[in-house]
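Hi,

Here is the structure I said I would pass along. Have a look at it first, and then read my notes underneath.

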Amino acid sequence: MFLAILNGTIREKLYKNRFGEFKSQQISTFVFIAVMFAYTYVFQKLFPLSGLDEAKLIGFVWLLLTLAFEFLFGKLILKKSWQELLANYNFMKGRYWILIPVWVFLVNYAMYEIIN
């Protein structure tokens with residue numbers, strides 16, 4: 001959650017004005033994927049996983065927590081409509097945010113395979 005908030009803050013402060021909302025969201029998606037890759041690498045080096053089942057379980061829990069945070073925060077705090085929240089998941093319209101929950105689900109599994 002901290003990394004997601006930091007990623008959003010960096011987007012808002014550093015490059016949103018230069019690239020605009022749409023393009024900065026796309027950039028932010030790929031930046032966050034890279035950050036999650038690095039974070040997971042370091043974390044698994046420090047705290048090795050016991051196996052693929054643990055990697056899958058962690059990925060599933062991270063996925064649930066990510067979606068819960070995103071939708072609850074968006075709905076309850078930011079007061080966004082369901083339509084606004086779901087619009088970020090329309091890949092066919094250049095909204096690549098769907099890659100984030102997919103990556104959050106897969107990154108521990110992928111990193112386990114890479115490291116071991």
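Let me begin with Lys16, which counts as partly exposed because its relative accessibility is 24%. Keep in mind throughout that this is a predicted model.

Lys16 is a good way into the charged side chains. Its side chain meets that of Glu21 in a salt bridge, at 3.0 Å from N to O. Glu21 is partly exposed too, with 35% relative accessibility. Lys16 also has a salt bridge to Glu12, where the N to O distance is 3.1 Å. Those two residues sit four apart in helix 1, so about one helical turn separates them. Glu12 is partly exposed, at a relative accessible area of 35%.

Glu12 in turn meets Arg11 through their side chains, and that salt bridge comes out at 3.4 Å, N to O. Arg11 is the buried member here: its relative accessibility is 11%, and the cut-off for buried is under 20%. The structure holds three salt bridges. Through shared partners, salt bridges tie Arg11, Glu12, Lys16 and Glu21 together as one network.

Staying with helix 1, which covers residues 2-46, have a look at Thr40. Is Thr40 buried or exposed? It counts as buried, because its relative accessibility is just 1%. A polar atom of the Thr40 side chain lies 2.7 Å from the backbone oxygen of Met36. If you leave out neighbours within four places in sequence, Thr40 is in contact with Trp62, Val107, Asn108 and Met111.

Trp62 turns up again among the aromatics, where Tyr39, Phe43, Phe47 and Trp62 form one cluster. It might be handy to colour those four rings when you open the file.

On the aromatics in general, a search of the whole structure gives 10 aromatic pairs. One of them is Phe71 with Tyr89, a stacked pair with 5.8 Å between the ring centres and 20° between the planes. Where in the chain do Phe71 and Tyr89 sit? Phe71 is in helix 2 (residues 52-77), while Tyr89 is in the loop between helix 3 (82-87) and helix 4 (99-115). They are 18 residues apart, so this pair links distant parts of the chain. Both rings belong to buried residues: Phe71 has a relative accessibility of 16%, and Tyr89 has a relative accessible area of 16%.

Phe91 and Tyr96 make another aromatic pair, and this one is tilted, with 5.0 Å centre to centre and 50° between the planes. What about accessibility for Phe91 and Tyr96? Phe91 is partly exposed at a relative accessible area of 42%, and Tyr96 is partly exposed as well, at 25% relative accessibility.

If you only have a few minutes, I would go to three places. Start with the network of Arg11, Glu12, Lys16 and Glu21. Then move along helix 1 to Thr40 and its contacts, including Trp62 and Met111. Finish with the stacked pair of Phe71 and Tyr89.

Shout if anything is unclear.

Cheers

Key
Residues are numbered from 1 along each chain as its sequence is written. This is a predicted model: local features need pLDDT of at least 70, side-chain atom pairs count only at pLDDT 80 or more; totals for chains, interfaces and linings use all residues. Side-chain values use heavy atoms; hydrogens and water are left out. Rings of Phe, Tyr and Trp (its six-membered ring) pair if their centres lie within 6.5 Å; planes under 30 degrees apart count as stacked, over 60 as edge-to-face and the rest as tilted. Buried means under 20% relative accessible area, exposed over 50%, partly exposed in between (1.4 Å probe, protein chains only). A polar contact is a pair of N or O atoms within 3.5 Å; within protein, one must be able to donate a hydrogen and the other to accept it, and residues adjacent in sequence count only if both atoms are side-chain atoms. Contact means heavy atoms within 4.5 Å. A salt bridge is a side-chain nitrogen of Lys or Arg within 4 Å of a carboxyl oxygen of Asp or Glu.
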